[in-house]
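Subject: Handover of a structure and notes on its contents

Dear colleague,

Please find below the structure that I am handing over to you. My notes on what was found in it follow directly after.

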Amino acid sequence: MQETRSTCPYCGVGCGVIIESDGPQITGVRGDPAHPANFGRLCTKGSTLHLTAASPVTLQSRLLRPQHRSQRGVAPQPIAWNAALNMAADQFAQTIQAHGPDAVGFYVSGQLLTEDYYAFNKLAKGLIGTNNIDTNSRLCMSSAVAGYKQALGADAPPACYDDVNHAQCLFIVGSNTAWAHPILFRRIEAARAANPGMKIVVADPRRTDTAGLADLFLPLQPGSDVMLFNGMLHLMLREGWVDADYIAAHTTGFDALAALVRDCTPARVAEVCGIGEADLATAAKWFATGASSDPQRRKATLSLYCQGLNQSSHGTAKNASLINLHLATAQIGKPGAGPFSLTGQPNAMGGREVGGLANLLSAHRDLANPAHRAEVAALWGVPSVPHTPGKTAVEMFQAAADGEIRALWIACTNPAQSLPDQSTVRRALQRAEFVVVQEAFSTAATCAYGDLLLPATTWGEKTGTVTNSERRISRVRPAVPAPGETRHDWAIAVQFAHQLEARLRPGAPTLFPYADAETIWNEHRESTRGRDLDITGLSWAMLESQGPQQWPLPQGAATGKARLYEDGTFPTPDGRARFAAHPWQPLAEPRAPRYPFSLTTGRLRDQWHGMTRTGTLGRLFGHVAEPCVQMHPQDMAQRGLNDGDLVHVTNPRGSIVLPAQADANLGPLQAFIAMHWGSEFLGGRSTTGERLAGVNALTTPAFCPTSKQPELKHTAVKILKAELPWTLLAMAWLPPAEAQSTREALAALMGEFPFAACVPFSNNAPLAEPQCERTGVLLRAAAHEAAPDALLARIESLLHLASTDTLRYADQKRGQRRAARLARHGDAATLEGFLLAGDTRAERWLKTLLQEELPAQTYGRLLLVPGATAPVAVQSRGKPVCACFNVADTAITVTLARCHGTDDARLAQLQGELRCGTNCGSCLPELKRMVRATTPYNQKLA
């Protein structure tokens, strides 16, 4: 067995991993105890990385050779690499020569490595001469970039992870850190345990698991963040909690801001934000004084924030207004203090470093600055780089839908799932004359629109660098050879550039003389000389020998800087930070009588983005098994809805159908749908026959005018009960080598129903017992009338329910059909698969019987009995909570009933008996919530 140190490909925490491999196969993964981001810890997603790389998964889900569609709508056929790149170069060259360089666009990804990013950026801006290159980081971090630059002068997070150990007040806003950045949340929990006096404030429309750790929870109305921050500053000024000396010595613009917040009285803030005035005052005092309540003995305040601030039509204002609070109270440039933007993707920071956005240039240079453009042109050896900002993500696809952009190159991202306003996005992909999709996974929805599909390497195969949220650069290393005909993303970009150079600048020396990732990185390093992110003192060899390093690390320095602006000097023309006076403005799409619900989106604990990787593992669906829209119980009761009832969620852009689920953690007239549910897993057909496109059929393309980041977090909708009386549920265990391809085949049938969802599931075997793991596929659907027999027969065939040992029942008159297949094991038997059509009430016990692999030998034809009551009692284990040890809520509740003592003592007793939460710890927030909700045994006796 071989071990390889690398980095996790999921969130921006940037955890180090040790990959175990045997020849061409990754066999295991564990946290790297030497990596300063995680010190050996991994979350549920990171700890299952090796399972997503197992050959039964990759052979079914990976794109392994170039493919070409002769025409739209037909299946792609294999094509040789040279022919593929020649075709792409011909198409792009012809488009550029006929319509100009801005007739092409590149849409890339925060999951690319820095070297990949750099090559694409130089390809677009240096060779082609267009700034039409943007990234899905536009959907993630561009408001954070704009906020840092506006207030502090540079896109440089001033804090680090270690600051959670020095903060006395932690202010978390717009981030469910417990689910989105679990390993950082473990560090917060540890810091809190070591410092019980730490105060934690959480502001969020939902009472998330992160809020469970809070001393003060502020249940904000969506979009009211700027009013909250301005109201806090109003109180800080009124009570004398600001640091006037720091303001005078190190900032500008405070007078204008002070005048603006004069009207943000506690009463007005309480009305707009939906919080109490007393809570507002407490939040302001704790923030300003570091929870000391004494500005003369001010302790440290650290703020953590993410998409709740960024994904907004006023995202820059939200970011800058929060930074205002840090500047006004001198809560910056010291241990435990500062505004710390949490990066959403593994290398969104690296993409920002190389200027991989339509309005940036390499090394944090500004496109609008002629001197900066000249510096980049000289480095690249080109006469000039274009000065007009390119199309950003939303603008690029709107331009393609309008026919302005004619050729699109999409790399390592899935816009047919992740971009807002999917009807426009899909119209763009259909109208574009030539679409290249450079992708590792053939299952991504965008692949269906590609004229040319180019297979890329992915985690475990790639080599290069990434930068995490705390400005720490880590190496990504390959553990196994590239499978099939896959190539590294940077290599594909460079090889395409060579072909394009022959057409656009024949005979000229190449701009891309790169032999490997290191040579690209060296050029990037040189571009940073003298800049705020200077890494000229860093080398590839240093990363190899000394491990991850933070920037800046200029020539002559031994190590990077953990914290920035300690001397109060900022990278602005006068060296001062700038207060930004932003008034509160309402949402781009506020609630209205016709659309009375505020729909917010966000992450699930165990899933990642569009789920091309995590969606291959049934075990990662244990915590949240299927798509749903969560609503306040009061709203459901008023509309006559029960858990599981189907609803239409609709606004002017589109409509989707999915089950409703009550959740008291939401406020009234609020709803929540996870961002992950795209058309790969959630589908259906509208009344006009159009296929439904997942949650982003609803989200608005309205964006922040400064950052151009869309308001993915909020849209106004109406929610109405769906009258779809005929229902279907089919699920079965499948061989590992078939499960993914079968799910894909079933997902292709979702458009045959007004509502459908298709997901994998697992028996949730303990992570340490991979030999016990089983995978199955579940298809749920509903319609106005019974589906054709041929369609049901197709579903049965895919789920191996067409065999002679399958028990059957059919009543065509009532539109009912049932099938069940048993597997015999000597005298025992288990249910291997079933289909319920027309009457699905038996789901309550059949699903438990199958998924928990309970004995079924006594049932026989009773498996076909309709109704919700099992002919023989079936006891469910309950909902999985701990994915590592397969511990469900029922066992946790039973065990807690006999635990005694304090909350911490009962949690320790629970973990000692069931082991839940003792491995990756992702379930700890939920376990603690369950502990708090249970009366201690000793109090019961009293």
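How many helices and strands does the protein have? There are 30 helices and 37 strands. Please note that this is a predicted model, and that every value below is computed from it.

Overall dimensions

The protein has 942 residues, for which a compact globule would have a radius of gyration near 30 Å; the value for this protein is 28 Å, which agrees. The C-alpha trace spans about 80 × 80 × 60 Å along its principal axes. Of the 942 residues, 64% count as buried. Among contacts with a separation of 6 or more, 71% come from residues 24 or more positions apart.

Salt bridges

Side chains of opposite charge can pair when their charged atoms come close. Searching the whole structure gives 50 salt bridges. One of them joins the side chains of E395 and K708, at 3.1 Å from N to O. E395 belongs to helix 17 (residues 393-401), while K708 is in the loop between strand 28 (682-683) and strand 29 (714-721); the pair therefore ties together parts that are 313 residues apart in sequence. E395 is partly exposed, at a relative accessible area of 22%, and K708 is also partly exposed, at 22% relative accessibility.

A further salt bridge is formed by E832 and R774, whose side chains meet at 2.7 Å, N to O. Because E832 lies in strand 35 (residues 828-837) and R774 in the loop between strand 31 (755-762) and strand 32 (775-783), this pair ties together parts that are 58 residues apart in sequence. E832 is buried, with a relative accessible area of 8%, whereas R774 counts as partly exposed at 25%.

R743 forms a salt bridge with E744, and their closest N and O atoms are 3.0 Å apart. R743 is buried, with a relative accessible area of 3%, whereas E744 is partly exposed at 29% relative accessibility. In addition, E626, R780, E843 and K847 are linked in a network of salt bridges.

A buried arginine without a salt bridge

Which side chain of opposite charge is nearest to R187? It is D162, at 4.9 Å; R187 is buried and has no salt bridge. Since a salt bridge requires a side-chain nitrogen of Lys or Arg within 4 Å of a carboxyl oxygen of Asp or Glu, the 4.9 Å to D162 does not qualify. R187 is found in helix 7 (residues 182-194). Beyond its neighbours within four places in sequence, R187 is in contact with P36, A37, F39, R41, Y161, D162 and V164.

Aromatic rings

A pair of aromatic rings is described by the distance of the centres and the angle of the planes. The whole structure holds 23 aromatic pairs. One of these, W409 with F496, is tilted, at 4.3 Å centre to centre and 45° between the planes. The pair links distant parts of the chain: W409 is in strand 16 (residues 407-411) and F496 in helix 20 (residues 489-504), 87 residues apart. Both W409 and F496 are buried. Together with F92, F106, F120 and F434, W409 and F496 form one aromatic cluster.

Two arginines are placed over rings. R206 lies over the face of F672, 3.7 Å from the ring centre. The charged end of R62 sits over the ring of F441, at 5.9 Å from its centre.

Backbone geometry

Most residues other than glycine have a negative phi, and most peptide bonds are trans. Three places in the backbone may be of interest in this respect.

- W551 and P552 are joined by a cis peptide bond, with omega about 0°; P552 is in the loop between strand 21 (549-550) and strand 22 (577-578).
- N764 has a positive phi, near 55°, and is not a glycine. N764 is located in the loop between strand 31 and strand 32 and is buried, with a relative accessible area of 9%.
- H800, likewise not a glycine, has a positive phi of about 60°. H800 lies in the loop between helix 25 (789-798) and strand 33 (806-811) and is partly exposed, at a relative accessible area of 30%.

With kind regards

Methods:
Residues numbered from 1 in each chain as written. Predicted model: local features only at pLDDT ≥ 70, side-chain atom pairs only at ≥ 80, totals over all residues. Heavy atoms only, no water. Helix = DSSP H or I, 4+ residues; strand = E, 2+ residues; numbered from the N terminus. Buried < 20%, exposed > 50% of the residue type's maximum accessible area, 1.4 Å probe, protein only. Lys, Arg positive; Asp, Glu negative; His and termini not counted. Contact = heavy atoms within 4.5 Å. Phe/Tyr/Trp six-rings, centres within 6.5 Å; stacked < 30°, edge-to-face > 60°. Lys NZ or Arg CZ within 6 Å of the ring centre and 35° of its normal. Rg over C-alpha atoms; globule rule 2.2 N^0.38 Å.
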